[in-house]
Amino acid sequence: MTLPRDKSEYRGVWVFLEARRGRMRDVSRQLLGVARGLAATRGSEVSGVLPGSNVDPMAHEAIEYGADRVYLVEDPRLEPYTSRPFTKVMATLIRKHKPEIVLFGATKNGRDLGGRLHAVIETGLAADCVKLEIDEDGNLDMIRPSFGGKSLAHILCKQHRPQMASARPNVFPIPPRRAGRTGEVVRESVVITDADLDAKVVRFEERRGHKGNPIEDARILVSGGFGLREPKNFRLIEELAKELGGGVAASRKAVDAGWVPKDYQVGQTGRTVRPDLYIAVGISGAVQHLAGMQESRKIVAINQDPKASIFEICDYGVVGDLFQLVPELIRQLRERKALRAVPVAAR
Amino acid sequence: MAAKGPRSIVCIKQVPKAQELQVDPVTNTLKRVGVPSEINPPDRNALEMALQVKDRAGGEVLVVTMGPPVFTSSLEEALAMGCDRAFLLTDRILGGSDTVPTAHALSETIHKIGGYDLIFCGEETTDASTGHVGPGIAGHIDCAQITYCSELEYLGDRVRGKRTVEDGYEWWECPTPCVVTVNFLSNRPRPPSLTGKIRVKRGGLITTWSCADVGIDPGKVGIRNSPTIVAKVDTVQLPDRKAKVFRGEPREAVARLIEAMVADGVLPG
């Protein structure tokens, strides 16, 4: 493919609507809200693209969340998601309808699809955007964290169309759903051949509860460090996490000591997390650790050493013995929960 | 001579060490000159996965990188870990390539090597964090892909990979050739061995190619043929956290902590 001869042929803002086991992902709804704003600035329309099997009801849902039109591609071969058929559907529809902008959720499947698709149709794709705007020249300003979150890069795709971006989940709000909002459902058919079905999903194992969830996905994280002294003391961290409905993470020292699996590790040589609440227990706060969690919305530190650097970047700190403080915190949280279960009038 | 068993090609990148990531205040780009660098950490997991396939099924592991000649040090390390041969694609015209020309150039290099069964990449790089090059290569050479893979079984004409998704794990079965992007931290990469280091010392394991050697169209690569540009970079001001620190008797300190968190709306009232 070469550069589009005339960029003005490309119009409209598209959202890849990601269905997951009978539901539309939240990030797809969030992107419909983003797309409405971009389309308003560009004087164009919002279209959703919905490939899948038995996904008809989601087409109307997408319209109620802001799509003017949904391109529906119903095919039993499009469930579950696999890379090649979805890339074929998107490439075919993009070549046919020429959208100006295509947005994806930066989910595993969204990135799997976007990465393959952008190479096939040869256009720009910015990953994991946290802000999407139209600049003064009418280009999509795709803003994403770079260099480990130390800065925000503005990515432009000036000559190629469509301009494509994946957006980080849960950064943009879900727009209000307007029951009865009308729009057009366009049924498209893209032939999926046997040869397109090169990947087969032969097994799926659901993760249940918080244990085993990727730590990046947790809204609340309780993280344990070397201050716990022994692996068995990690149950304090697990108990507190359970009480708060959160996940469990760890510092590098705790992982290196073999107390917890390596996918628990927060920091520069581990995972970068940004939960709503991060509770650091017995973690002194080495620079490498801070780099992996300093974007958390609120940070609580529990540590014996008042000079520990974790106290310099926390919102709340408690100086003291974690073996007394954590059980006390669990106890008081339980007490509050029990109290809340009592009707207000009876308190 | 073709070895018995699968031929794996691992694509690696050399990146600035995580703790050395710094933005040049003048050019607003990543400081690369004079900054200590290393193999992109997830690429080590990709190397390890490929070497494990070789441990079990035989065959050979080749390693490829695209970049300036200093990237040779990463190729030497990969060879010392157990890779059989290495390829460096280096050419000034590749400078400033974004993910589209990078996937193109690596695909052409892989095609030139030929005879491959498996192509491995790390799930993403720590300096650009896109994760687009692996699936981009699969798109270019039109083969199957398994992304975010943590375990892989080689089954002769196909592979079965465990793929991490948000709500669990999927097992994908794909015919070879197949691109596999490997989850960061999914295994413990082996250190370079002494015998490996000696092999590297003896030399002759690294092939250096220019774009012309591979047959890469100069009109397809480099900054001028990259769809995206970084227009500007803003420094992020991290929130100034005014720590409320509590001390003293545990029951009292915890009560004050909860009280403060409730008052700020961090915990429900």
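In this predicted model, helix 8 (residues 322-341) of chain A packs against helix 7 (residues 250-263) of chain B, the two axes lying 9 Å apart and making an angle of about 55 degrees. Helix 8 of chain A and helix 7 of chain B are therefore oblique to each other, and their crossing is right-handed. On the side of chain A, the contact is formed by A:Gln324, A:Leu325, A:Glu328, A:Leu329 and A:Gln332 of helix 8, and on the side of chain B by B:Pro250, B:Arg251, B:Ala253, B:Val254, B:Ala255 and B:Ile258 of helix 7. Sorted by class, the residues of this contact between helix 8 of chain A and helix 7 of chain B comprise seven nonpolar, two polar and two charged.

A second pair of helices joins the chains through helix 4 (residues 108-121) of chain A and helix 4 (residues 133-141) of chain B, whose axes come within 7 Å and cross at roughly 45 degrees. This angle makes helix 4 of chain A oblique to helix 4 of chain B, and the crossing of these helices is right-handed. The residues that meet here include A:Asp112, A:Arg116 and A:His118 in helix 4 of chain A, together with B:Pro135, B:Ala138 and B:His140 in helix 4 of chain B. The contact of helix 4 of chain A with helix 4 of chain B has five nonpolar, six polar and two charged residues.

These helix pairs belong to an interface in which 71 residues of chain A are in contact with 63 residues of chain B. Helix 4 of chain A gives the most to the side of chain A that touches chain B, contributing 10 residues. By class, that side of chain A consists of 28 nonpolar, 24 polar and 19 charged residues. Strands also link the chains: strand 10 (residues 151-156) of chain A pairs with strand 12 (residues 229-235) of chain B in the antiparallel sense, over six bridges. Within strand 12 of chain B, B:Lys232 is the residue that stands opposite A:His154.

Within chain A, seven strands form an open sheet with parallel pairing, in the order 7-11-6-1-4-5-12. Its edges are strand 7 (125-129) and strand 12 (184-187) of chain A, each of which pairs on one side only. Neighbouring strands of this sheet are turned against each other by 20 degrees on average, direction ignored. Strand 7 of chain A runs parallel to strand 11 (residues 163-167) of chain A and is joined to that strand by three bridges, with A:Cys129 standing opposite A:Ala167 in strand 11. Helix 4 of chain A, described above for its contact with chain B, also packs on the sheet, where it touches strand 1 (13-16), strand 6 (101-105), strand 7 and strand 11 of chain A, and its direction makes about 160 degrees with that of strand 11. Helix 2 (residues 56-64) of chain A lies across strand 4 (46-52), strand 5 (69-74) and strand 12 of chain A, and runs at about 165 degrees to strand 5.

A further open sheet, of mixed pairing, is made of 10 strands in the order 13(A)-9(B)-8(B)-7(B)-10(B)-6(B)-1(B)-4(B)-5(B)-11(B). Strand 13 (200-206) of chain A and strand 11 (206-209) of chain B stand at its edges, each with a single partner strand, so that one side of each is left without a neighbour in the sheet. From one strand to the next, the twist of this sheet averages 35 degrees. Strand 6 (residues 118-122) of chain B and strand 10 (residues 178-182) of chain B run parallel and are joined by five bridges; in this pair, B:Phe120 has B:Val180 of strand 10 as its bridge partner. Helix 2 (residues 72-81) of chain B packs on the sheet, touching strand 1 (7-12), strand 4 (60-66), strand 5 (85-89) and strand 11 of chain B, and its direction makes about 165 degrees with that of strand 5 of chain B. Helix 3 (residues 99-113) of chain B lies across strand 1, strand 4, strand 5, strand 6 and strand 11 of chain B, running at about 145 degrees to strand 4 of chain B.

As to domains, the assignment for chain A gives domain 1 (7-196) and domain 2 (215-346), and the C-alpha centres of these domains of chain A lie 36 Å apart. For chain B, the assignment gives domain 1 (7-225) and domain 2 (237-269), with 46 Å between the C-alpha centres of domain 1 and domain 2 of chain B.

Definitions and conventions:
Residues are numbered from 1 along each chain as its sequence is written. Chains are lettered from A and ligands numbered from 1 in the order in which they are written. This is a predicted model: local features need pLDDT of at least 70, side-chain atom pairs count only at pLDDT 80 or more; totals for chains, interfaces and linings use all residues. Two residues are in contact if their C-beta atoms, placed from the backbone, lie within 7 Å. Helices (H or I, at least four residues) and strands (E, at least two) are DSSP runs, numbered from the N terminus. Ala, Val, Leu, Ile, Met, Phe, Trp, Tyr, Cys and Pro count as nonpolar, Asp, Glu, Lys and Arg as charged, and the others, Gly among them, as polar. Two strands pair if DSSP finds at least two bridges between them. Axes are lines fitted to C-alpha atoms, for helices over the stretch in contact, and angles run from 0 to 180 degrees between N-to-C directions. Angles under 35 degrees count as roughly parallel, over 145 as roughly antiparallel, 65 to 115 as roughly perpendicular and the rest as oblique. A crossing is left-handed if the near helix is turned anticlockwise from the far one by less than a right angle, and right-handed if clockwise. Domain bounds come from an automatic or database domain assignment.
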